[in-house]
Number of protein chains: 4
Amino acid sequence: MAVHRFVPTSYSNVIGTLPPVLSVASGDTIITTTLDAAGADHEGVTRAPRGNPMTGPFFVEGAEPGDALIVTIDRMTPTRATGWTYSPVSPQVVDPRTVADLPKSERFEWAIDAAAGTVKLIGVSERISGWSFPLTPMIGCFGVAPERGQAISTATSGSYGGNMDYRRFGPGASIAFPVAAPGGLFFLGDGHACQGDGEIVGTGIETSFEIEFTLHLRKNAPGRWPRCETATDIITLASGRPLDQPLQFATTEMLRWIVEDLGVDAAEASHLLGQAVRYDVANVFNPAYCVACRLEKNAITQGMSLFGS
Amino acid sequence: MAVHRFVPTSYSNVIGTLPPVLSVASGDTIITTTLDAAGADHEGVTRAPRGNPMTGPFFVEGAEPGDALIVTIDRMTPTRATGWTYSPVSPQVVDPRTVADLPKSERFEWAIDAAAGTVKLIGVSERISGWSFPLTPMIGCFGVAPERGQAISTATSGSYGGNMDYRRFGPGASIAFPVAAPGGLFFLGDGHACQGDGEIVGTGIETSFEIEFTLHLRKNAPGRWPRCETATDIITLASGRPLDQPLQFATTEMLRWIVEDLGVDAAEASHLLGQAVRYDVANVFNPAYCVACRLEKNAITQGMSLFGS
Amino acid sequence: MAVHRFVPTSYSNVIGTLPPVLSVASGDTIITTTLDAAGADHEGVTRAPRGNPMTGPFFVEGAEPGDALIVTIDRMTPTRATGWTYSPVSPQVVDPRTVADLPKSERFEWAIDAAAGTVKLIGVSERISGWSFPLTPMIGCFGVAPERGQAISTATSGSYGGNMDYRRFGPGASIAFPVAAPGGLFFLGDGHACQGDGEIVGTGIETSFEIEFTLHLRKNAPGRWPRCETATDIITLASGRPLDQPLQFATTEMLRWIVEDLGVDAAEASHLLGQAVRYDVANVFNPAYCVACRLEKNAITQGMSLFGS
Amino acid sequence: MAVHRFVPTSYSNVIGTLPPVLSVASGDTIITTTLDAAGADHEGVTRAPRGNPMTGPFFVEGAEPGDALIVTIDRMTPTRATGWTYSPVSPQVVDPRTVADLPKSERFEWAIDAAAGTVKLIGVSERISGWSFPLTPMIGCFGVAPERGQAISTATSGSYGGNMDYRRFGPGASIAFPVAAPGGLFFLGDGHACQGDGEIVGTGIETSFEIEFTLHLRKNAPGRWPRCETATDIITLASGRPLDQPLQFATTEMLRWIVEDLGVDAAEASHLLGQAVRYDVANVFNPAYCVACRLEKNAITQGMSLFGS
């Protein structure tokens with residue numbers, strides 16, 4: 001249960017089987033920093049090419065294909081007093097006949113007030129300069145090396161994780177990834193101070209972070225897509241296009257989980273999901289869209305656990 | 001502000017320009033009953049063919065194309081002590097490679113306990129017989145006559161409403177439909193005692209209801225898709241396939257609403273949606289899927305109103 | 001085997017259970033005229049509201065739900081020397097990020113030279129004024145009354161036919177529609193002098209026609225979607241969104257047809273389709289997209305027939 | 001203009017920036033062999049893991065990002081007398097409600113008769129044992145190293161090529177790929193003796209080949225997606241999901257090509273595509289679907305060339 005302080009000196013714009021920057025044991029905690037999506041650090045200095053440069057990979061001793069690597073996000077502390085957004089709503093999320101009316105892309109700065117727990121637009125029109133949103137940090141892009149020695153751009157996502165941009169992947173959440181390479185090889189970056197559903201403007205509020213997280217290894221774990229547990233919810237998340245596809249994959253993964261952990265059959269799992277399921281549109285902007293299938297924790301879901309029995 | 005008690009004697013399986021069953025004034029309240037999706041009434045007697053038979057249409061004096069007809073759902077009281085579900089999760093919402101493993105369709109009965117506020121499976125395996133869910137009534141299918149004299153099956157939905165199957169369309173919600181025919185011609189039915197996101201098992205808990213609702217006419221109203229206001233949320237809802245499409249239409253409709261009511265421009269509306277938007281998957285089962293674009297009411301949305309200024 | 005000359009005096013912008021304009025026997029031929037998509041006749045005079053006004057409906061004696069109504073397109077003669085197009089490629093068929101660069105919509109006239117068998121742009125820039133295309137007439141929108149008394153806009157399509165906009169639905173083709181209402185109630189209109197795949201500019205070359213067609217009734221016919229036979233091909237066509245969906249429906253319909261007519265099983269039908277199938281994107285513009293599943297006639301398909309054995 | 005005979009001794013299941021197996025000059029011809037999709041060679045001996053093992057990569061001197069690498073497929077000679085298929089039509093291409101009725105996957109062998117130019121099922125039921133199809137070889141998976149040092153599974157495809165499974169990519173076709181890594185790094189494999197549109201059974205007729213191809217370098221070439229020229233057609237091909245997306249990307253790429261090579265503007269390009277465009281569904285099976293946008297060569301397209309002026 002060691003705590004490692006790791007200061008990154010290089011970053012990667014792909015998630016793949018790369019040489020690890022640090023080797024840790026299951027149960028260890030790591031405190032490190034992440035650049036923002038454009039590669040800027042806590043001082044606003046560009047340290048890596050744009051496009052979600054990753055800190056890592058971290059090697060977890062004993063992790064083998066077939067296992068799950070579970071990351072618990074313990075803390076996310078913004079390391080700058082500002083974040084940025086860039087685009088209006090994406091052409092992908094509006095009626096195609098109205099795309100030509102969309103405003104131009106333009107960088108905006110947001111003040112991050114950690115004490116007040118808010119983010120607020122800076123230097124915009126009087127009318128909206130008072131608009132503020134809650135500070136709700138999350139990790140946009142993280143995961144483990146994908147199968148077959150692939151190295152995949154941090155623009156996209158898959159069963160290995162990646163650029164999922166899901167607003168519930170913040171402090172207090174534990175997320176399990178299916179291990180495909182020895183050591184798992186965990187990467188993380190692209191922190192957001194806040195983000196709506198779907199990341200429909202192409203960004204959250206992008207900034208640099210200090211992140212504290214703990215890695216657990218679960219041997220011979222059943223998941224095929226990222227699974228997550230928070231204080232209040234049981235979640236599966238999947239990737240694909242159109243939105244129907246990640247919804248299908250996430251639903252199937254949730255059905256598997258219910259059957260495994262509650263010991264019920266497929267028909268019974270249907271009864272549960274039919275009346276209780278919630279779907280979140282994680283991102284509808286990246287090359288692969290992400291949908292979360294979610295169950296609020298209640299009496300029925302008590303037997304379900306990310307960490308196994 | 002009259003209150004009409006209307007006892008239906010015939011039902012329709014299309015929503016269209018049909019002879020009205022009752023004519024009312026804007027502001028009037030109607031108390032009536034609805035059959036369940038299979039056409040059964042409070043005694044379980046089949047009174048109409050299956051497939052969401054509608055009560056109505058109700059003619060609202062003065063309603064003309066270009067107006068909005070706003071229905072406020074005042075109360076939904078189940079008129080039976082049971083409801084039913086039929087299917088396991090739909091082939092449409094699981095990984096196509098797993099469809100062959102889905103269990104068979106089979107009718108299940110649920111006990112509706114209005115006093116306890118729960119619905120509970122009846123006569124199933126010991127293991128899950130304790131599963132209960134909150135009683136959360138909603139109207140599955142309602143709307144106004146579509147444009148051009150069309151008459152459209154209650155299986156599907158469109159800008160005129162129809163079989164939207166959205167769980168937030170319950171008591172306390174007000175929903176505005178764009179009027180396309182004189183009098184608006186409002187239909188309703190297909191009540192659910194409970195439903196998860198997406199109606200992924202093809203039904204909510206289907207039962208008959210007594211419903212009390214109030215109709216308001218808003219002249220020269222701007223909406224192109226159903227808009228909704230609840231105690232806590234501002235919502236637009238749209239229909240289409242794949243899920244991307246209703247998400248696009250609902251987002252565009254919300255952008256229009258923000259610009260209209262808050263007096264901001266498109267870039268500013270993007271700033272609001274980007275960080276605050278929530279999407280709900282209303283149904284991912286019917287011929288037309290429905291997605292809701294939602295903003296939780298807060299300081300920023302205070303200027304937005306379904307009823308106009 | 002009568003031949004009826006029918007001069008329309010009214011038109012419909014929905015396809016539904018409307019009073020028939022003429023009653024005919026199976027095997028009869030009808031010679032009539034159609035307006036262009038905007039409602040203009042052979043003199044360019046607007047006779048009906050825009051949006052594919054239909055000639056019909058024609059009642060076929062003895063047609064009942066469960067039968068198929070087979071229309072053979074015998075001849076299509078343009079009744080004007082010009083046709084028109086309106087739009088550039090649709091926002092729906094380009095990369096969303098390039099929609100804002102699309103040119104404006106603008107009406108263009110095309111000269112129809114029936115003798116030369118060409119259509120040619122009129123009054124455009126020198127550079128492209130020489131561009132001509134073969135005259136290849138087709139019917140954009142036709143079909144029978146849909147089930148349950150529905151009346152559906154001629155903008156869209158379904159299992160009953162409608163606005164399919166498929167370029168192989170021209171002279172020589174026979175198309176079978178599943179009958180859903182007594183008499184079938186056949187409608188037709190929206191003729192094109194030429195059209196590319198997908199109708200990606202939102203129109204073919206729109207003009208008015210004299211059309212000669214023959215109606216055959218096939219009792220107790222198995223089709224669930226339009227089926228077609230031409231001199232060279234066996235075709236099924238279906239509607240939906242995204243393109244994946246009509247492709248699915250059309251493939252399933254073709255598998256059914258192969259199994260029925262060739263007496264093979266599902267695995268064998270797969271072997272045939274796997275190596276021989278062709279897909280045509282009929283339209284990727286209308287509210288419902290259409291995809292055709294096609295087999296070129298060869299030794300294997302000899303047992304397949306639209307008209308039954 | 002050297003001719004290289006290259007005998008592969010290792011294979012790759014990803015397409016990426018790997019050490020080249022051979023360096024050649026622009027204009028050189030390579031004669032080499034490919035394994036079948038399961039990794040079997042001309043003797044049926046498994047030489048590499050299943051999943052489209054690639055021969056290559058070939059380094060082309062002088063190739064830099066921004067250039068195009070054009071491969072002309074000169075000849076494809078099957079090196080076995082048999083090929084195989086495995087699956088019935090995919091769950092992805094049928095009505096979801098019928099998936100449960102699909103037959104089981106089962107390996108079938110096909111006799112390849114190069115002299116007769118046919119492929120024929122072996123050892124199946126009497127009824128279909130006479131079914132034969134034309135021998136029409138094509139390369140299922142080929143392309144260049146993708147951008148940013150990615151290494152991507154040969155199961156899928158992208159702007160760099162990959163598992164496109166397009167039946168027109170056979171002898172006589174020239175295909176240009178956008179270079180993203182120094183030397184381009186060209187890979188190829190997954191030859192099919194025959195394939196229908198969409199590769200809807202998940203395979204063509206899979207076999208090993210001797211392939212002769214020529215590599216040309218075009219400096220500063222404009223393409224963003226694979227472009228192709230055959231004796232009869234001008235083609236762009238793109239990847240994504242649902243089918244709408246690769247159709248969009250391929251259409252946009254074709255519009256660019258028309259504007260570049262014919263010197264017309266966007267509106268004029270629309271006039272051409274609107275009446276002349278053809279779409280081919282290359283594959284509707286792989287993780288990324290592929291659609292080809294195609295123009296039959298005619299007087300208008302004479303100014304268009306893959307190789308530049």
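**View 1. Chain B against chain A: the buried area.** In this predicted model, chain B and chain A bury about 5000 Å² between them. Carbon and sulfur atoms account for 65% of that area. On the chain B side, the trio to pick out is B:Trp131, B:His271 and B:Gln275, which supply 15% of what chain B buries against chain A, more than any other three residues. Contacts run to 61 residues of chain B and 61 residues of chain A.

**View 2. Chain B against chain A: salt bridges and polar contacts.** How many salt bridges does the rule find across the interface of chain B and chain A? It finds 2. One to zoom in on joins the side chains of A:Glu268 and B:Arg127, with an N to O distance of 3.4 Å. As for polar contacts, 22 residue pairs turn up across the interface of chain B and chain A, counting pairs with both residues at pLDDT 80 or more.

**View 3. What chain B brings to chain A.** Several elements of chain B each give at least two residues to the side that touches chain A: strand S8 (108–113), strand S10 (132–134), helix H1 (244–262), helix H2 (266–276) and strand S20 (278–283). Which element has the largest share of that side? That would be H2(B), with 10 residues. Sorted by class, the side of chain B that touches chain A holds 34 nonpolar, 17 polar and 10 charged residues.

**View 4. Chain A against chain D.** Here the area buried between chain A and chain D is about 1100 Å², and carbon and sulfur atoms give 46% of it. Within chain A, the residues that lose the most area to chain D are A:Arg148, A:Gln150 and A:Arg241, together 46% of what that side buries. The contact involves 14 residues of chain A and 14 residues of chain D. Don't go looking for salt bridges between chain A and chain D, as the count is 0. There are, however, 5 residue pairs in polar contact between these chains, both residues at pLDDT 80 or more. Strand S12 (residues 151–153) of chain A provides the largest share of the side that touches chain D, namely 3 residues. By class, that side of chain A has 5 nonpolar, 6 polar and 3 charged residues.

**View 5. How chain A and chain D are related.** Rotate chain A by 180 degrees, with 0.0 Å of shift along the axis, and it superposes on chain D with an RMSD of 0.0 Å. The two copies are therefore related as by a two-fold rotation axis. The same surface serves both copies, with 100% of the contact residues of chain A recurring in chain D.

**View 6. Inside chain A: domain 1 against domain 2.** The domain assignment splits chain A into domain 1 (3–78 + 139–218), domain 2 (83–134) and domain 3 (227–303). Taken over C-alpha atoms, the centres of domain 1 and domain 2 of chain A are 25 Å apart. These two domains bury about 1000 Å² between them, 72% of it on carbon and sulfur atoms. Which three residues supply more of the area that domain 1 buries against domain 2 than any other three? They are A:Ile200, A:Val201 and A:Ile205, with 46%. The side of domain 1 that touches domain 2 has 8 nonpolar, 3 polar and 2 charged residues. Across this interface the rule finds 0 salt bridges, while 3 residue pairs are in polar contact, both at pLDDT 80 or more.

Notes:
Residues numbered from 1 in each chain as written. Chains lettered and ligands numbered in written order. Predicted model: local features only at pLDDT ≥ 70, side-chain atom pairs only at ≥ 80, totals over all residues. Heavy atoms only, no water. Domains from an automatic or database assignment. Buried area = accessible area lost by both parts, 1.4 Å probe. Salt bridge = Lys/Arg side-chain N within 4 Å of Asp/Glu carboxyl O. Polar contact = N/O pair within 3.5 Å; in protein donor to acceptor, adjacent residues only side chain to side chain. Nonpolar A, V, L, I, M, F, W, Y, C, P; charged D, E, K, R; others polar. Contact = heavy atoms within 4.5 Å. Helix = DSSP H or I, 4+ residues; strand = E, 2+ residues; numbered from the N terminus. Least-squares fit on C-alpha atoms with pLDDT ≥ 70 in both.
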